[in-house]
Amino acid sequence: MSNGMLEETQVIPLAEVEEVDLYHAHHWITKYVFCQDAKVIAIQYSATAILIGLVGLVLSWLMRLQLGFPEVFDFIDAESYYQYVTMHGMIMVIYLLTALFLGGFGNYLIPLMVGARDMVFPYMNMISYWVYLLAVIVLTVSFFVPGGASGAGWTLYPPQAISEGTPGIDGGIILMLVSLVLFIIGFTMGGLNYVVTVLQARARGMTLMRMPLTVWGIFVATILALLAFPALFVAGVMMLLDRVLGTSFFMPEMIVQGEMTSHENGSPLLFQHLFWFFGHPEVYIVALPAFGVVSDIISTHARKNIFGYRMMVWAIVAIGGLSFIVWAHHMYVSGMNPYFGFFFATTTLIIAVPTALKMYNWVLTLYKGNIHLSIPMLFCIAFILTFLNGGITGLFLGNVIVDIPLSDTMFVVAHFHMVMGIAPVLVIFAAIYHWFPKMSGRMLHEGWGQFHFWITFLGSYLIYFPMHYLGFVGVPRRYFEIGETAFVPPSAATLNEFITVMVLIVGFAQVVFMANIIISIFKGKPAGDNPWNATSLEWQTATTPPGHGNFGDELPVVYRWAYAYSMPGVEADFVPQNMPPGEVKRTDSATGPVAEDPPELHQ
Amino acid sequence: MVLAIVLVLLAVGSVIFHFWSPWWFTPIASNWGSMDDAINITFAITGVAYIAVILFMAYCIYKYRHREDRRADYEPENTKLEWWLTWVTAAGVVGLLTPGLIAWNDFVTVPEDAAEFEVVGSQWEWNYRLPGKDGKLGKTNIKLISDDNPFGINPKDPNARDDILIEGEDLHLPLNQPIKMLLRSVDVLHDFYVPQFRAKMDLVPGMVTFFWLTPTRTGTFDILCAELCGVGHHAMRGSVIVDDKAAYQKWLQSQKTFATLYPKAAAGIKQAAKSDAKMKTVLTANTQINEEGK
């Protein structure tokens, strides 16, 4: 082998990259406000996302008050109802879930979990947050402009979104679109950071196949977002041009209020394709980080390695890839060529296979484990059940012939809230209970956590499980009131009242959760460095909370995968990723060196 | 322990709710029983998986709960089991997809003897057009719409004069006759939805969309709009009445054609664009609907 290829025995030395000095803040403004430390940015992202998420939560209460008690609340009219619907959806999907999983957990966990000092572009990371904050402010301002916020539905379908008869076409929709454009700009800066950090800044020994699944989930989700958001970006810009300059990208000839508009030959369907080319991957932008987090928390609290790690990684990658060729399953009744139905139904149901495998592997991780029913674990189990339920109803809606009767009914509302509302939010709770001790150095209160868990889990199941059946009856979604019909039985009104009451109860439990966080920051039980006896690197920092630069003088060196729990022949039931093999304490009967990774990982 | 019991109760409770709750399909009134069948097949296949996974999870939570003397198993992978689960899941997916796509093939194949009916949606009302004796609908163009020609029918098309126009009245459909619904919107998206027919489809301005059905049961059914179309969306209602042949013919005889309703437009005399006055009456009418609904 002399033709320039490497000899088999030749060793390639590891590339040694000198550490670059981080910018250490000297003033409180650069330390806590315009900060470049990913962990502070993470907390800024999370706090902003949760605050605007609370606005979204209140909007959902208002909607439910109207649906549960249609003639009681005079201040809710059709116009404001549709504004609540629109803003609730947009806030929850984009400004809460996307921002919290990627900007919040991504920023906090990626550098710590891969063993990096910080994100690779800290300055850009900081700008990312401030642009996101600006996007949130612009969105919030839209409530207060003349005409109010947009009432176009969160999908913003044209022509309705920008024509007479829809609330908020004067200022609301313009601010909404500007805000989305800003969000995408901010996200792109952060997203590039996450991807490059995972690829370039991992500690020595942290191969891709040793990364915790949380990092895999966030990593792949970020790639999806970087590819999907541009579709929303162009759609937003084109709609802005239609609205402000009178172009006709999405606007056909139409007669509004008795007048022919000046638009010509635009295609409303084009917008739907662009929107869902973003919108479907968006589901996985939220779901994949949740998958990763759940895998890690289940493994840690069941004291057992995640079952089928390689399968889990490839399932994340496969789901990410497939998510780009299923978008038109949101458009089965849109009037697009019906033959598309064959293709999109098939691709959509194929996605069920890798997703189901993840589900099996979570449950099989519990099997023969040593399960601690800590609060994070409780939320993860609730997630499995909720996500299973929502995934299954996805099989209904993905199968085109089943979608036709159910599309645009309350079944759809129940489905997507179960699968991408409740399920990811349960994971967010799990993650906060799990990582709060690292972020603050203190534990959250266990009893309050139990209260929060039971109300949230059972309450949301009772809200959304029966709601599917209203869809079978034929109750359409986005109805200010159903009014008189011949087909909706009076008992449906009773069910609606019940759902509204449950919504308010679950909402109240979130107040308890917020109080738990605020009080525990100051008065929580001290947590120590590694309260859950976890293996991954974020629990092995020199100080808790970790300082700027994350690790002490030396960056960690990684010797094994993140799932070395209950290894045979090892005394402790976990071995940290960075513990040198020589330091691992063996049981008396065991001899020989400790296995590093399971051999399968290197096949 | 508590969690395991709660999971079992949730599984059992969900099954009980499914079979005994009062909320289920409205009795079907079209040929799309295949949609209900597909839903029931999906329920059977996924329901078994749902209950099985929950019960197994509850078992694990109980059986492998934390104890001081317990140590978890160490089993990174089990390739055989993983492949077995992959194939079982794939088989389930094939079981869902096959009947679904077969039925979808029927849905996209409109029978040749289907009668054409046109639905015209606008904020927030339904109007309809039926072909006259020639069996053909005349061409339309949105630019031709005026007070005197609310459907925008092209008077130069010889098929147009005898088109039957139904404005603000109930739509009647003949029993057991395959029907191709042609859907047209003059403003924003709408969706023609009759829960008992199961099938629905969007109306998209700038194009004509369609679906087909055969009414299989006489009666009066609600028409709803199922695609958000502005503040009056929830009030955009109508009624469709499925008649047997005799009753349908009787109704059809009493309907008026384009030529009789709008003789000027049908003769090709142009009019100014639709005035505000008419729209204002429409808006007022809808406000009234809103208030009546309250």
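How many bridges join strand β1 of chain B to strand β2 of chain B, and in which sense do the two run? I began my notes with this question, and I kept in mind from the start that the model is predicted. Strand β1 (residues 115-122) and strand β2 (residues 125-130) of chain B are joined by five bridges, and they run antiparallel. For one pair I looked up the residues themselves, and found that E118(B) has R129(B), in β2(B), as its bridge partner.

**Entry: the five-stranded sheet of chain B**

I then asked where these two strands belong, and found them in an open sheet of five strands, whose order is β3-β2-β1-β5-β8 in chain B, with mixed pairing. At the edges stand β3 (164-167) and β8 (209-213) of chain B, each of which has a single partner strand, so one side of each is left without a neighbour in the sheet. From one strand to the next, the twist averages 25°. As background I noted that strands of a sheet pair through backbone hydrogen bonds, either parallel or antiparallel.

**Entry: strand β10 of chain B**

Next I turned to strand β10 (residues 237-243) of chain B, along which the side chains alternate. G238(B), V240(B) and V242(B) point to one face and are buried, whereas R237(B), S239(B), I241(B) and D243(B) point to the other face and are not buried. With β4 (residues 171-174) of chain B, strand β10(B) pairs in the parallel sense over four bridges, and in that pairing I found P174(B) opposite D243(B). With strand β9 (residues 219-225) of chain B, β10(B) runs antiparallel and is joined by six bridges; here D222(B) has S239(B) as its bridge partner in β10(B).

**Entry: chain B as a whole**

I counted the elements of chain B and noted seven helices and ten strands. Its radius of gyration is 27 Å, well over the 19 Å that the globule rule gives for 294 residues, so chain B is more spread out than a compact globule. Along the principal axes, the C-alpha trace of chain B spans about 95 × 45 × 35 Å. Buried residues make up 38% of the 294 residues in this chain. Among the contacts in chain B with a separation of 6 or more, 71% are between residues 24 or more positions apart.

I also looked up how chain B is divided, and found domain 1 (2-63 + 82-108) and domain 2 (115-269). The C-alpha centres of these two domains of chain B lie 38 Å apart, and eight residues of domain 1 are in contact with 13 residues of domain 2.

**Entry: chain A**

For chain A, I noted 14 helices and two strands. The radius of gyration of chain A is 25 Å, close to the 25 Å that the globule rule gives for 603 residues, so this chain is as compact as a globular protein of that length. Its C-alpha atoms fill a box of roughly 85 × 55 × 55 Å along the principal axes. Of its 603 residues, 61% count as buried, and residues 24 or more positions apart account for 79% of the contacts in chain A with a separation of 6 or more.

Is helix α10 (residues 375-398) of chain A largely enclosed, or is it open? I found that 24 of the 24 residues of α10(A) are buried, so the helix is largely enclosed by the rest of the structure. I checked its length as well: at 1.5 Å a residue, its 24 residues should span 34 Å, and the end C-alpha atoms are 33 Å apart, which agrees.

I followed one residue in detail, V85(A), which has its place in helix α3 (residues 78-114) of chain A. V85(A) is buried, with 24 other C-beta atoms within 10 Å. Beyond its neighbours within four places in sequence, V85(A) is in contact with M63(A), G153(A) and R478(A). Of these partners I looked further at G153(A), which is 68 residues away from V85(A) in sequence and 6.2 Å away in space, C-alpha to C-alpha.

**Entry: where the chains meet**

Last, I looked at the contact between the chains, which takes 91 residues from chain B and 103 residues from chain A. On the side of chain B that touches chain A, the elements giving two or more residues are α1 (2-20), α2 (33-63), α3 (79-108), β6 (190-193), β7 (200-203), β9 and α7 (276-293) of chain B. The most comes from α3(B), with 14 residues.

Technical notes:
Residues are numbered from 1 along each chain as its sequence is written. Chains are lettered from A and ligands numbered from 1 in the order in which they are written. This is a predicted model: local features need pLDDT of at least 70, side-chain atom pairs count only at pLDDT 80 or more; totals for chains, interfaces and linings use all residues. The radius of gyration is taken over C-alpha atoms; the globule rule is 2.2 Å times the number of residues to the power 0.38. A residue is buried if 20 or more other C-beta atoms lie within 10 Å of its own, exposed if 12 or fewer, and partly exposed in between; C-beta atoms are placed from the backbone. Two residues are in contact if their C-beta atoms, placed from the backbone, lie within 7 Å. The expected span of a helix is 1.5 Å times one less than its number of residues. Two strands pair if DSSP finds at least two bridges between them. Axes are lines fitted to C-alpha atoms, for helices over the stretch in contact, and angles run from 0 to 180 degrees between N-to-C directions. Domain bounds come from an automatic or database domain assignment.
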